[in-house]
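Work through these exercises with the sequence and the model open side by side. Try each task before reading its solution.

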Amino acid sequence: MDLLEIKNLKFSYSGELLFNNASLRIFENEHVGLVGKNGAGKTTLINIMCHKLVPDGGSVEWDKSKSFSYLDQHLQVQDNVSVLDYLHSVYTNLYQKEEEMNRLYDSLADTDDMDKALNKAEKIQEELEKQGFYQIKSKINNIINGLGIDIGRKRTLKELSGGQRVKVFLGKMLLEEKDVLLLDEPTNFLDVNHIEWLEKFLITYKNAFIVISHSKEFLNKACNVIVDLDNRQLVKYKGNYDAFIAQKEFNDEVYIKQYEKQQKEIKKTKEFISKNITRASTTKRAQSRRKQLDKIKVMSRPEGTKKVNFRFPFTKSFNVKVLGATDLVIGYDAPILQPLNVAFEFGGKYVITGDNGIGKSTFLKTILGEIPALSGKCKLSKYNDVLYFAQEIIPPDVTPIEYIREDYPKMDNTKIRTLLGTYGISGEMKPMKSMSGGEIAKTRFAKLSLIRSNLLILDEPTSHLDKISRKSLFKSLSTYEGTIILVSHEKEFYKELKMEEISFEGIKR
C-alpha cells in the first residue's frame, strides 16, 4: 500500500528549478535512502513532504491513516527543558492515564460505586501494559546509551552543543515510533559506535523511513531502497547503495543519449516550423508539428558538477607557541575532563578526538574565552589571527545574502553572489531553513573566507558536506600555512591530513 505518492512535482527557488514533474511512491516498510549532490534539493523535498513548503505544481499525498515525524536540523524547542523531561514528553498521554488510574485506586475507599471505579482503573492498567508503559524507562535508557546522549546533572537543551541537541531530537523521534521517519543527516554528530547502534535500530525498525545521508556505509547497511535526486527527477532503485551505484552508471549513460537525441529532434522540428509556418502550402504541416512539439515532455539538461573552492586567506607567521594549557579544567558547573596539559606549535596540524559530548567543543570555547575555565591556565598567543568554524545554529529565516551582509553591509549583491557561487551556492534568496545542511555549511565557509587568519579552529567542518566539497576542503587545509586545530569524528579525513591526534577521555565517576 502507498504510504506516500508524489505526482508531477514542480518546485523552484528564485528561478532555479529543483523538481521538474518528479514522481515517487513510497510503500510500507520501505527503508529509503535519499541521495543527491549538495543543493540538489533533498532537504527541500523533505520540507515539501512535511507540508512546510508548497510545491509550484503536482501533488504530495500521504495515507491519511499514517503518521510521520521529521528530524529538523532547525527545530526550535524550549531551551530550559531538561533532556530527560524532553524525552519523557513522548509519553505524556500515558503518564496522564497513569495519574487517572492512581486517582481511581486512591478513591476506592471513599466511593459508593467501588466496583465501577475498580473496573475502570483495571482497564486503564491493561491499556498501559499493552502500550508498553512499564518499559518506558528501559526504552529511554536504550536510546540514551545507544546515541550517547548527555543527561548529566539534569542538563537542559540550552546547555548542550549543537551536535548533542540534534541527538536528543533524534532520540525523541525514535521513541515516538511513527509510521514514517524523515531523517536529514542523522549520523553527522554520532561516533562510530553510536552510528552502528543507529544502523541496527533502523534495520529492525518495523515501519518505514526516508533518510538523507552522504555515508555510503550507512546507506548500505540501513536501506533497502535508494531514491536518487538527479536532473530534477526522482529515480527509485531497489537494493542498497552499492546496487544503486551500479545501476545508476548505466542509467546516466542512457539518459544522456536520450537527452541528446531529444534535443536534436526538437531542434529539427523547430527549424521545420520556422521555414514552413508562413507558406500557404505547408502551414498546416508546420502547425501540426508545433502541436506535437507542445506535447513533448522536455527532458532536463544533465546536470554538471558544481565546482567548490574553499579558501582560507593567510596572514602571518610567528615563532612563539600558539596555545598552551596547564592543568586546565573545563566544564560548566563541574569538570568534564581530567586537567589538560597541552601545547600547540605554530604551523602544526592537530585533531582532537573523543566521544560525542565528552568536551571537545567545550575545550574550543574555553581556549577562545567564550566560557570561563573552572581552574588552571590557558594562554592563546596575541599573534594569532583566529578563524573559528563552530557548531552554531543559524537563524532559519535568514537568506545567504542576508547572512553575509550582517557582517559586510557594504558588500553589494553581485559580489556576494559571486562569493556564494565559488562555494557552489545558487538560489541565494531562499531562507536557510529551506537549505540542505551542506548548503548551510558552505554558506558559512563562504563568509569565513573573507577573514584572513593564521589559526584555523574547526569544529566538525565535514558534517553535511558531500564528496566534492570534502575534497575541496581537504585540499585547502593541506596547503594552509598556519596552524589547524580540528575537532572531527571522521577518521579517514584527518588521517589523510596527517594530523597529530589529541584524544580526550572523560572523567570516570
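Which residue stands opposite Leu-486 in E16? Use this pair as the way into the first exercise.

**Exercise 1. Place strand E16 in its sheet.**

Solution.

Step 1. Note what kind of model this is: it is predicted.

Step 2. Settle the opening question. Val-351 stands opposite Leu-486 in E16.

Step 3. Identify the pairing on that side. Strand E12 (residues 349-353) runs parallel to E16, and four bridges join the two.

Step 4. Go to the other partner. Strand E15 (residues 455-459) also pairs with E16 in the parallel sense, over five bridges. Here Leu-455 stands opposite Thr-483 in E16.

Step 5. Trace the connection. From E15 the chain passes through helix H15 (residues 467-478) and on to E16. This β-α-β crossover is right-handed.

**Exercise 2. Decide how well E16 is covered, and on which faces.**

Solution.

Step 1. Recall the rule for a strand. In a regular strand, side chains alternate between the two faces of the sheet.

Step 2. Sort the residues by side. Thr-483, Ile-485 and Val-487 are on one side of E16, with Ile-484 and Leu-486 on the other.

Step 3. Check each side for cover. Both faces of E16 are covered, and the residues on each are all buried.

Step 4. Count. Strand E16 (residues 483-487) has five of its five residues buried.

**Exercise 3. Describe strand E8 and its two partners.**

Solution.

Step 1. Start with burial. In strand E8 (residues 225-230), six of the six residues are buried.

Step 2. Split them by direction. Val-225, Val-227 and Leu-229 point one way, while Ile-226, Asp-228 and Asp-230 point the other way. Note the two aspartates, Asp-228 and Asp-230, in the second set; they return in Exercise 4.

Step 3. Find the parallel partner. Strand E3 (residues 31-35) is joined to E8 by four bridges, and the two run parallel. Val-35 has Asp-228 as its bridge partner in E8.

Step 4. Find the antiparallel partner. E8 pairs with strand E9 (residues 233-238) over six bridges, in the antiparallel sense. Gln-233 in E9 is the bridge partner of Asp-230.

Step 5. Inspect the turn. The hairpin of E8 and E9 has two residues between the strands. In it, Asn-231 takes a positive phi near 50°.

**Exercise 4. Is Lys-248 buried or exposed, and what does it touch?**

Solution.

Step 1. Locate the residue. Lys-248 lies in helix H9 (residues 241-276).

Step 2. Apply the cut-off. Buried means under 20% relative accessible area. Lys-248 has 15% relative accessibility, so it counts as buried.

Step 3. List its contacts. Neighbours within four places in sequence are left aside; Lys-248 then contacts Asp-228, Asp-230 and Tyr-237.

Step 4. Pick out the polar link. The side chains of Lys-248 and Asp-230 are joined by a polar contact of 2.9 Å.

Step 5. Compare sequence with space. Lys-248 and Asp-228 are 20 residues apart in sequence, and their C-alpha atoms are 8.7 Å apart.

**Exercise 5. Where does Gly-171 sit, and which residues does it touch?**

Solution.

Step 1. Locate it. Gly-171 is in helix H6 (residues 162-176).

Step 2. Judge burial. Gly-171 counts as buried because its relative accessibility is 0%.

Step 3. Read its contacts. Residues up to four places away in sequence are not counted; Gly-171 touches Leu-87, Ile-143 and Leu-147.

Step 4. Take one partner further. Leu-147 is 24 residues from Gly-171 in sequence and 7.3 Å away, C-alpha to C-alpha.

**Exercise 6. Survey the nonpolar cores and the whole chain.**

Solution.

Step 1. Take the largest nonpolar core. It has 52 residues, and Leu-174 and Leu-202 have the most contacts inside it. H6 gives the most to this core, with seven residues.

Step 2. Find the second core. Another core, of 37 residues, lies apart from it; Val-398, Ile-440, Ala-446 and Leu-497 are among its members.

Step 3. Look at Leu-202. Beyond four places in sequence, its contacts include His-31, Phe-209 and Phe-218.

Step 4. Tally the chain. Its secondary structure comes to 16 helices and 17 strands. Of its 509 residues, 51% are buried.

Step 5. Check the contact range. Among contacts between residues at least 6 apart in sequence, 71% join residues at least 24 apart.

Terms used: Residues numbered from 1 in each chain as written. Predicted model: local features only at pLDDT ≥ 70, side-chain atom pairs only at ≥ 80, totals over all residues. Heavy atoms only, no water. Buried < 20%, exposed > 50% of the residue type's maximum accessible area, 1.4 Å probe, protein only. Contact = heavy atoms within 4.5 Å. Polar contact = N/O pair within 3.5 Å; in protein donor to acceptor, adjacent residues only side chain to side chain. Core = buried A, V, L, I, M, F, W, Y, C linked by side-chain atoms within 4.5 Å. Pairing = 2+ DSSP bridges. Right-handed = clockwise from strand over helix to strand, strands pointing away.
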